[in-house]
Each structure stands twice: as structure tokens, then as C-alpha cells.
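Me: Please take a close look at a single part of this model, one strand and the sheet it belongs to, and then follow the description outward to the rest of the assembly.

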Amino acid sequence: MDSQTDLDTANQPHQQASSISHSVEEAYQIAQTQGFALLDKAIDEQRLKNFLQDEQCGALATFEGLVRNHNNDSKVTRLTYYGYEKLAINQGKLIIEEAKRLFDIENAVAIHRIGALEIGDMAVWIGVSSKHRYPAFDACRWILDTIKADIPVWKQEYYQDEPSKWLSNNG
Amino acid sequence: MNITVLYFASLADKSHKGSEPLTLETGTSLTELYGSLQNRYQFRQQPAELRVAINDEFASWDEAIKDGDTIAFIPPVAGG
């Protein structure tokens, strides 16, 4: 077998999990109607901000999760996120619904990107709109923490001088 | 019972599969199912380290498997 075939065979178990089954447009629709979606392209944060804009709201809190160039002492060169899309969308919907119960906010939306990412790319975007500032900050932080705990996304990190690793949010 | 099992991350690495159809005896539990897959594919994780999902929603390990279910064992997640 040549090396490309080897690579194809090696990649196959993860193929479905590194791209989304919906179109980009469908993914944004899902995020806007249910609160959360996965995307396998760069996230259009302006689109999401426009969606959250509301004349009743004095506050918009956003979070950008970015790929950084190190993990402890290891130099990260790139990474790949994989996701269980249907479970992620279902669980994300529950998270956003819960955020709206817990915090005095008007709306919230989050998107997590999957697939191959470079250093500096945006992996996750969260936005929360509320009438006043503290609920927006608090809800944004809570949504991030809960995404990290519950959304079925996995990260394989690649390094300059070491073999790649599957990471866990638990350490 | 005819089910589909989905594999992700390190479980997909070990099994070399993203999914597979399986036929189980009626009454097979999730723990028994994982046990046999763990033997077959040499998965390193014990059930305590995994969550389980049935039909695209998180489930508890003591839920019953039904004919037609899609089951996934969820390794520790790393999103956000």
C-alpha cells in the first residue's frame, strides 16, 4: 500500500466526526433557533453578533476560544477537533436552554468548530445578550464551562517534537 | 437486537471504525456490550471513565438497550 492509501485508511474511522452533515447555512440556522451547532469552517462571528443584536439589550458578552501554540511545555503545531454532531447539537440545545433559565439573559448562541485547525484559529464562539451586564458575563462563563464539560468534541493535538495526543478536559 | 455502535477519538483509533452494526441477545446490558467490545478491540478505558449515549442523547449506564438503538461510548471530552 502506498502512503496515501495508508493515510486514507488511518483517517477513515474519524472521517464522519471531522466534518458536519449539515450545510453551513443549516448549521447557522440550528445555532440561531436552538442555541448551538457544530461547524467545520471558520466561524462567522459577525453573523452571530448581528443575530444577537437587540435594542432591548444593553449588554453583549462574547467569548472566543482560540488555538494556542503550546500545551504546558509542548509546542503545538496544529490540532484536529472531532465531534459527535447529533449529540453535540442536542446537548448544546439543553445547555443554552438551561443558561436562559439560570441567568437573566435575552438570548445566547454558541458554535464549536471541528476539523483541522491552525494556531490562532477560533475553535469556539459564544455570545450572550442581556439587558444588563452582569448576567451576560455570568451566562457566557457558565456556557463555556458547561460546553467544556458536556459537548462531545475531542481534540487531537500535534506537536513539533512529539507524537500526537488525544486530550481531555480533565487533564 | 440489531444496534449500531458509534466510535470516537481513541475508541475509533483502537477499533479502526467510525461505526458498526451489531446483533445482540435481547437483554444485553450496556456494561456487557462495552465489556465485549473492550475485549475485542483492547480499549484502554474502563466504563467508569466513559459516558454513554443512546440515540444521540446522554443516557445512564443502567438503561436498557432496545432493537434499533444507536449507541456511543463517549471518551472524556475536550471541547471549548
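**An edge strand and its surroundings**

Reply: In this predicted model, strand 2 of chain B is hardly covered, for the count of buried residues among its five residues is zero. The strand belongs to an open sheet of five strands in chain B, whose order is 2-1-5-3-4 and whose pairing is mixed. Strand 2 (19-23) and strand 4 (57-59) of chain B stand at the edges of that sheet, and because each has a single partner strand, one side of each is left without a neighbour in the sheet. Across the sheet, neighbouring strands are turned against each other by 35° on average, with direction ignored.

The partner of strand 2 of chain B is strand 1 (residues 2-6) of chain B, and the two run antiparallel, joined by five bridges. Two of the residue pairs can be named: Thr4(B) has Pro21(B) as its bridge partner in strand 2 of chain B, while Leu6(B) is matched in that strand with Ser19(B).

Moving from the sheet to the assembly, 28 residues of chain A are in contact with 23 residues of chain B. On the side of chain A that touches chain B, at least two residues each are supplied by helix 4, helix 5, strand 8 (153-159) and strand 9 (165-167) of chain A. The largest share of this side, four residues, comes from helix 4 of chain A. Sorted by class, the side of chain A that touches chain B has 14 nonpolar, eleven polar and three charged residues.

Two of these contributors also meet within chain A. The axes of helix 4 (residues 85-102) and helix 5 (residues 133-150) of chain A come within 10 Å and cross at roughly 150°. As angles over 145 degrees count as roughly antiparallel, helix 4 and helix 5 of chain A are therefore roughly antiparallel to each other. The crossing in which helix 4 of chain A passes helix 5 of chain A is right-handed. From helix 4 of chain A, Gln91(A), Ile95(A), Ala99(A) and Leu102(A) take part in the contact, and they meet Ala139(A), Trp142(A), Ile143(A), Thr146(A), Ile147(A) and Asp150(A) of helix 5 of chain A. The residues of this helix-to-helix contact divide into seven nonpolar, two polar and one charged.

Methods:
Residues are numbered from 1 along each chain as its sequence is written. Chains are lettered from A and ligands numbered from 1 in the order in which they are written. This is a predicted model: local features need pLDDT of at least 70, side-chain atom pairs count only at pLDDT 80 or more; totals for chains, interfaces and linings use all residues. Two strands pair if DSSP finds at least two bridges between them. Axes are lines fitted to C-alpha atoms, for helices over the stretch in contact, and angles run from 0 to 180 degrees between N-to-C directions. Angles under 35 degrees count as roughly parallel, over 145 as roughly antiparallel, 65 to 115 as roughly perpendicular and the rest as oblique. A crossing is left-handed if the near helix is turned anticlockwise from the far one by less than a right angle, and right-handed if clockwise. Two residues are in contact if their C-beta atoms, placed from the backbone, lie within 7 Å. Ala, Val, Leu, Ile, Met, Phe, Trp, Tyr, Cys and Pro count as nonpolar, Asp, Glu, Lys and Arg as charged, and the others, Gly among them, as polar. A residue is buried if 20 or more other C-beta atoms lie within 10 Å of its own, exposed if 12 or fewer, and partly exposed in between; C-beta atoms are placed from the backbone.
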